[in-house]
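Please open the structure in your viewer and keep the selection panel at hand, since this tour moves from one selection to the next.

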Amino acid sequence: MTLQKINEYPKYWAECYGTAPFLPTTRKEMDALGWDSCDIIIVTGDAYVDHPSFGMAIIGRLLESQGFRVGIIAQPEWNNKDAFMELGKPNLFFGITAGNMDSMINRYTADRKLRHDDAYTPNNEGGKRPDRAVLVYSQRCREAYKDTPIVLGGIEASLRRLAHYDYWSDKVRRSVLFDAKGDILLFGNAERALVEVAHRLANGEDIANMTNIAGTAVIMKEVPEGYQEIDSSRIEKPGKAMQMPNPYATESNCETNKAQKEPEAKPIQIQPSRHDSEYTAVRLPSYEKLRNDRILYAHASRVMHLEANPHSARALIQKHGDRDLWINKPPIPLTTEEMDFVFGLPYARVPHPSYGKAKIPAYDMIKTSVNIMRGCFGGCSFCSITEHEGRIIQNRSQESILNELEDIRDKVPGFTGTISDLGGPTANMYRLGCSDPRAEANCRRPSCIFPEICRKLNTDHKHTIDLYRKARKVDGIKKIMIASGVRYDLAIESPEYIRELVTHHVGGYLKIAPEHTEKGTLDLMMKPGMGTYDRFKELFEKYSKEAGKKQYLIPYFISAHPGSTDEDMLNLALWLKENDFQCDQVQNFYPSPMCNATAMYHSETNPLKRVKYKKREDLFVAKGERQRRLHKALLRYHDPANWPLLREALVNMGKKHLIGDRPGCLIPAEGSEAELTPAQRRGSGRHGAKRFATKHAKQPDIRTDGKRQSGNRNGGNNKGKPDAKHGNGHNGKPAGNRNGNGNNTGRPNRNGSNGKPAGSKPRQGGNGKPNRSRAKAR
């Protein structure tokens, strides 16, 4: 079947109205455009910023390009239906999104404490969106116009498309499609599905008949005719668990090895699925079973992750009561031509004029950044980017990217010549991917680079290097920073890339994310060992010296990750102390919906291996406020406020010898706090402002632009402020939710997202959503 490109549909008749300077948000603006009604109305939890890093702008402009009249209701008052009737009844449907971030991660810290700010709201004001925004907005739209179709999308809906563990209520909840009473849910990068739904509705088709669109979820009474149904328990046959290689191991040069006969090379055999993906559906355990069985939940999560390849995945079925949830296969990624089309739409690149001079932090963060790609094949278990955007990288052409740089130069008020980011969920995955199309179409690996880099993966960074060099030559561009996450295990495969990055695109600090130091935890995270970090550090320092620059790596870590014991966290703290690092930017693991690590957190078992009731791999999981606070305190061993808790824990662990002033001790003995001033004890004043995120204790305070740091830029974490860490997932763009996201902060983080009616630090959110992906190399 030939796939229709999103830029080749016949235009809807309302194309005659032309392009709006801004999509209308009031009746007055509609009147000025000569509209009597809207064909589609998008309801979003974010302020309306007409910029391609914001989901509602991408979706709105994309639908406008198809000829539809699109209105925006941004951050409506949700206590009644009045605000949802502001633009009248849409002719086709309401598109509902929580925004670029999951509303719960946006509103609550990893400790479930309410945030009082919101980077996606004018003046950073908190409280402008409800908890579980997709549900609330959908209910109000249904109250306003009962019979109007409701289309759910964005990061929040995407990661809640199945029965899912909900960290905030500590229980398994139903698919959001049931609770929101929507007609259809779009997940992943949703442009392709959205355009098809809009045109089919415009042609008079009933939305209830749209059951077979890739990248959508619908509710059915029975399995469609012609489909073969198999139980999820038949997906995997018993076998040996995948053996993880030792990331610390080095090759031996012994003569005995040379004498050994090398094994004969054999071609890799690609094993196709045993069932036709076009007409086979996998039945997952029902919602009713999952809510009472955590081991079964881990199994269902594992199967869902195995059925993630858009070319060979099978549909998923999950019963909720007497109805079936039908999840079609993931959407086919956009081609480069289609990506160029989406990012070349006529964005104003500024917030809606109604906000006046109010500052929107997420916009300020990404207004001079460029999204060059989507997707991530890293598969980190704590990150939702792969679940949302997929493993296949979707790339823009160099011409499209360079045109956007010129657009920023000409349109962004006060542009100084500095581009804050040229990246995406991961900065250095641009134009990387599988070298074998047949293998890619059948692959079921959750990661292309763990436990080791796949031999079929193209790791040549020549396209990224060439892009950087051409971008620096654009007239009016003085400096280009790379704030997106750099995957350093990929980077070391291309030393020339590291040289280019270090010489031209680092402003003093580069954040990278080892996430942990202990092999057991790193395996569960699906992250490389510290040997890879050491190699990257060696090259970073070498090329910084050659460039005549004093630059520093800022390692980033997650505390309380599932599988990380008190002993593991203590070893990580000792590594930090030994290497003279002080972590002020610390993230407690944030269990966002759908990611593998959240399944670990809830089930306390390992879904990366075949899940059984017997002989399964049980995991230690830090739960409860005190346990999670201890893990976080270990990363901030230098903070006097944490010393009483750490002393008690070290004594209980039999590690009393780590208390004192001797070499090798982690914290001083009791009584040392008395020698500190009140400002030192609370980490404020000049003492608190002194630190910049994670740094060497004696290293200078330098901002990313190379100037002295004058305040505590990221001080503590869990504040919900935009920060270079995230995403979206994690790139210089506010972003969705990486962590689950990885961002355990709920800060804007890139990833996220996607370009859907909508909105992961789930580490939530890609494509089209602002997503800051910290300046880190993951």
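Two strands count as paired here if DSSP finds at least two bridges between them. With that in mind, and remembering that this is a predicted model, begin with strand β9 (residues 228-231) and strand β10, which run parallel and are joined by 4 bridges. Select I230 and look across to β10, where V282 stands opposite I230.

Stay on strand β10 (residues 280-283) and show its side chains: T280 and V282 point one way, A281 and R283 point the other way, and all of them are buried. Now add β11 to the selection, because strands of a sheet pair through backbone hydrogen bonds, either parallel or antiparallel. β10 and β11 run parallel and are joined by 3 bridges, and R283 in this pairing stands opposite I317 in β11.

Next select R314, which lies in the loop between α10 (294-306) and β11 (315-320). The C-alpha atoms of R314 and T280 are separated by 5.9 Å, although the two residues are 34 residues apart along the chain. Is R314 buried or exposed? With a relative accessibility of 5%, R314 counts as buried, and its side chain makes a polar contact of 2.6 Å with the side chain of E307.

**Aromatic pairs**

A search of the whole structure finds 23 aromatic pairs. Select F84 and Y137 as one of them: the ring centres are 5.9 Å apart and the planes stand at 50°, so the pair is tilted. F84 belongs to the loop between β2 (70-74) and β3 (93-97), while Y137 belongs to helix α4 (residues 133-144), so this pair ties together parts that are 53 residues apart in sequence. F84 has a relative accessible area of 0% and is buried, and Y137, at 0% relative accessibility, also counts as buried.

Move on to F589 and Y601, an aromatic pair that is likewise tilted, with 6.2 Å centre to centre and 45° between the planes. F589 is found in the loop between β24 (587-588) and α22 (596-603), and Y601 in helix α22, so the pair ties together parts that are 12 residues apart in sequence. Both F589 and Y601 are buried. Keep Y601 on screen and add K623, which lies over the face of the Y601 ring at 4.8 Å from the ring centre.

For another charge over a ring, select R112 and Y167: the charged end of R112 sits over the ring of Y167, 3.9 Å from its centre. Then select Y488, Y533, F536, F540, F557, W575 and F581 together, which ring pairs link into a cluster.

**An open sheet**

Now display β21, β22 and β24, which form an open sheet of 3 strands in the order β21-β22-β24, with parallel pairing. Which strands stand at the edges? They are β21 (509-515) and β24, each with a single partner strand, so one side of each is left without a neighbour in the sheet. Strand β22 (residues 552-559) and β24 run parallel and are joined by 2 bridges; to see where the two strands face each other, select S559, which stands opposite N588 in β24.

**An annotated site**

Select C376, C380 and C383, which are covered by the annotation "binding site" in an unreviewed UniProt entry. Of these residues, C380 and C383 are included in the lining of the largest cavity. C380 lies in the loop between β14 (373-374) and α13 (385-389), and at 6% relative accessibility C380 counts as buried.

**Backbone details**

Finish with the backbone, switching the display to show the peptide planes. F450 and P451 are joined by a cis peptide bond, with omega of about 5°, and P451 lies in the loop between α15 (437-442) and β19 (457-458).

Select Q75 next, a residue other than glycine whose phi has a positive value, near 50°. Q75 is placed in the loop between β2 and β3, and at 14% relative accessibility Q75 counts as buried. The last selection is K181, where phi is near 55°, a positive value in a residue other than glycine. K181 is placed in the loop between α6 (176-180) and β7 (184-186), and K181 is exposed, with a relative accessible area of 57%.

Definitions and conventions: Residues are numbered from 1 along each chain as its sequence is written. This is a predicted model: local features need pLDDT of at least 70, side-chain atom pairs count only at pLDDT 80 or more; totals for chains, interfaces and linings use all residues. Side-chain values use heavy atoms; hydrogens and water are left out. Rings of Phe, Tyr and Trp (its six-membered ring) pair if their centres lie within 6.5 Å; planes under 30 degrees apart count as stacked, over 60 as edge-to-face and the rest as tilted. Buried means under 20% relative accessible area, exposed over 50%, partly exposed in between (1.4 Å probe, protein chains only). A charge sits over a ring if NZ of Lys or CZ of Arg is within 6 Å of the ring centre and within 35 degrees of the ring normal. A polar contact is a pair of N or O atoms within 3.5 Å; within protein, one must be able to donate a hydrogen and the other to accept it, and residues adjacent in sequence count only if both atoms are side-chain atoms. UniProt positions are given in the numbering used here, feature names are shortened, and annotations may be inferred rather than shown by experiment. On a 1 Å grid over the protein atoms alone, a cavity is a set of points where a 1.4 Å probe fits but cannot get out, and a pocket is an open set with protein on both sides within 12 Å along at least five of seven lines; lining residues have an atom within 4 Å of a point.
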